[in-house]
Amino acid sequence: MAPKRKTTSSSTGARSNGTAQASKRSKPDLSQPHPNAQQSEDFGIVLREFYPAEMSNARCAAYNDGTLERPIEARQKAYEETQNQRKVIKPNNAVVHWFKSDLRLHDNRALQMAYQTAKEHNIPLIGLYILSPQDLTAHLSSPARVDLTLRTLDQLKRDLNELDIPLYMETQETRKDIPQRIIDLCQEWGVNNIFANLEYEVDELRREAKLVRMCAQNGIKFETAHDACVVTPGAVASQQGKQYAVYSPWYRAWLVHLRENPDCLELSEEPGSNPGNARKHFAKLFESEVPAAPENKRLSDEQRKYFGQLYPAGEHEALDRLEKFVEERVKDYADARNMMFGQTTSILSPYFASGSLSARTAVVHARKANKGSLDRGDPGLASWISEVAWRDFYKHVLVHWPFICMNKCFKPEFTNLEWEYDENKFAAWCEGKTGFPIVDAAMRQMKHDAWMHNRARMIVASFLSKDLLIDWRRGERYFMEHLIDGDFASNHGGWGFGSSTGVDPQPYFRIFNPLRQSERFDPDGEYIRKWLPELRGIKGSAVHEPYARGAGATAEKNGYPRPILEHSKSRAQALERFKRASENGP
């Protein structure tokens, strides 16, 4: 038997150094983009004017394992590291509340904090709103949503005027200059205290982390409140201390948290009259006018009139709709919410998105109508509260997995899937000309009303990603650019479900059959006939697939297209590609 070889210190060092070098070589370069980055850029998924190329899946993993700092952590670190600077700052001439996506007086936590500070020191309260055209473009805000925001600002200004509180509004063309502009305004007005509600998207969290530090350096205390969710992100975790990626257990934990922390459902009072004499010291601020919509976000006069009637602006309208829904229509919600014809849902999403209604207010009203119960009692109310809770869930997900705000999905391996990038088929989907009536009706509804029924959203998302096999992120973008209720977290979450790439998705092997969906959720074809005038003359069930049920001549005469694909063949192809992507992993 050969004697054991003695290992010298030099050989050990060489081996260790070699191992270290090998480890260094094997460590992924997180700055490298995804291999398909050019494809996603060319197809209009990543807006390179504002953002880097699509990140690699390895970079997503680095957020998951803590190698890369989450934006919420950067924001928290900014607070901790400026604590000593901020605590010695005393109020000066006035207090500012910076309105963002919280355009309301009722149940606005940061606004109430600002008001109490002003009241305590007998100084004026000033409202501030900054319109950023670059933000609107980068965030894909639809013209309809921008219009609703501006109309809501007009109502908010009137409500604040009655309280002698000015709302100063301006347009800031360069988004990166907003933090400095806020500081300049505070210094001009002699303001040492500014309050705002947190927004959880990546751009906003990073901006606020920067603003906390810049304000502290300039003798200004910037304070934020968690207001967008009923339960603060991070407050609900699994027994292992992890963020839930499945809704049902998360919702059970959410309910438990609310029962144990009733203060989560305490509504903030509206501010009273301005504590200081703002009309004497800041008279010019009352003359501030609502900014004009950027040129690329403008509606026609006809559209503005139509949307103004369909979605009247402001929190008064939002609260009125909420009260009518929980008193009159919610009783049918559990059974009818998936039916696509008639007003079976609350249509409060535009008001949640514009910030004229808080999710907390909605849950409190529904719980009161349900005799104090969140998840029992009236099935309609309990079901609706659960649907409102989805908004919280998706925001919690966004905070914990921030890369989903960066053109990635919760399951990055599906970024590797062999997607199609067919512009003609995508255009047919957008225009409602696929030859699948339920899909086309839904897309026409969105084009006309800037809104779409939730069941319809699931159907068209599945059709784009599973039947057409077009990269779902292009559909996600199209929704944001056209919906009046475009909310990033909820929109991304919905597309993650429909495309089987997100948290708590439908399994990829469950693919919606558009015909079955049509027959089940629009049994009489009323929804189809409402939005597809070409098919209004078709009687009975033939409206669901006119070319296969003897009504092809009528459909063709009226210009309705034949189906652009065969569902069974597309389904088989989707199953094969999704299976391959899931087996290959990240």
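The legends below describe close-up views of a predicted model.

**View 1. Helices H21 and H27 cross at roughly 70°.**
Helix H21 covers residues 454–467 and helix H27 covers residues 567–584. Their axes come within 9 Å. Angles from 65 to 115 degrees count as roughly perpendicular, and H21 and H27 are therefore roughly perpendicular to each other. On the H21 side, the contact is made by Ser465, Lys466 and Asp467. On the H27 side, His567, Ser570, Ala574 and Phe578 take part. Sorted by residue type, this contact between H21 and H27 has 2 nonpolar, 3 polar and 2 charged residues.

**View 2. Arg580 and Glu576 form a salt bridge within helix H27.**
The N-to-O distance between the two side chains is 2.4 Å. Arg580 and Glu576 are 4 residues apart in H27, so about one helical turn separates them. Arg580 has a relative accessible area of 34% and is partly exposed. Glu576 is also partly exposed, at 40% relative accessibility. Buried residues would fall under 20% and exposed ones over 50%, which is why both values are placed in between.

**View 3. A network of salt bridges includes Arg580 and Glu576.**
Besides these two residues, the network links Glu418, Glu420 and Arg577. The pair Arg580 and Glu576, with its N-to-O distance of 2.4 Å, can be located here again as part of this network.

**View 4. Glu519 and Arg516 are joined by a salt bridge in helix H24.**
Helix H24 comprises residues 514–521. Glu519 and Arg516 lie 3 residues apart in this helix, about one turn. Their side chains meet at 3.6 Å, taken from N to O. Glu519 has 29% relative accessibility and therefore counts as partly exposed.

**View 5. Lys77 forms a salt bridge with Glu69.**
The closest N and O atoms of Lys77 and Glu69 are 3.0 Å apart. Lys77 counts as partly exposed because its relative accessibility is 36%. Glu69, at 37% relative accessibility, counts as partly exposed as well. A search of the whole structure finds 37 salt bridges; among them are the pairs Lys77 with Glu69, Glu519 with Arg516 and Arg580 with Glu576.

Definitions and conventions. Residues numbered from 1 in each chain as written. Predicted model: local features only at pLDDT ≥ 70, side-chain atom pairs only at ≥ 80, totals over all residues. Heavy atoms only, no water. Axes fitted to C-alpha atoms, helices over the stretch in contact; angles between N-to-C directions. Helix = DSSP H or I, 4+ residues; strand = E, 2+ residues; numbered from the N terminus. Parallel < 35°, antiparallel > 145°, perpendicular 65-115°, else oblique. Contact = heavy atoms within 4.5 Å. Nonpolar A, V, L, I, M, F, W, Y, C, P; charged D, E, K, R; others polar. Salt bridge = Lys/Arg side-chain N within 4 Å of Asp/Glu carboxyl O. Buried < 20%, exposed > 50% of the residue type's maximum accessible area, 1.4 Å probe, protein only.
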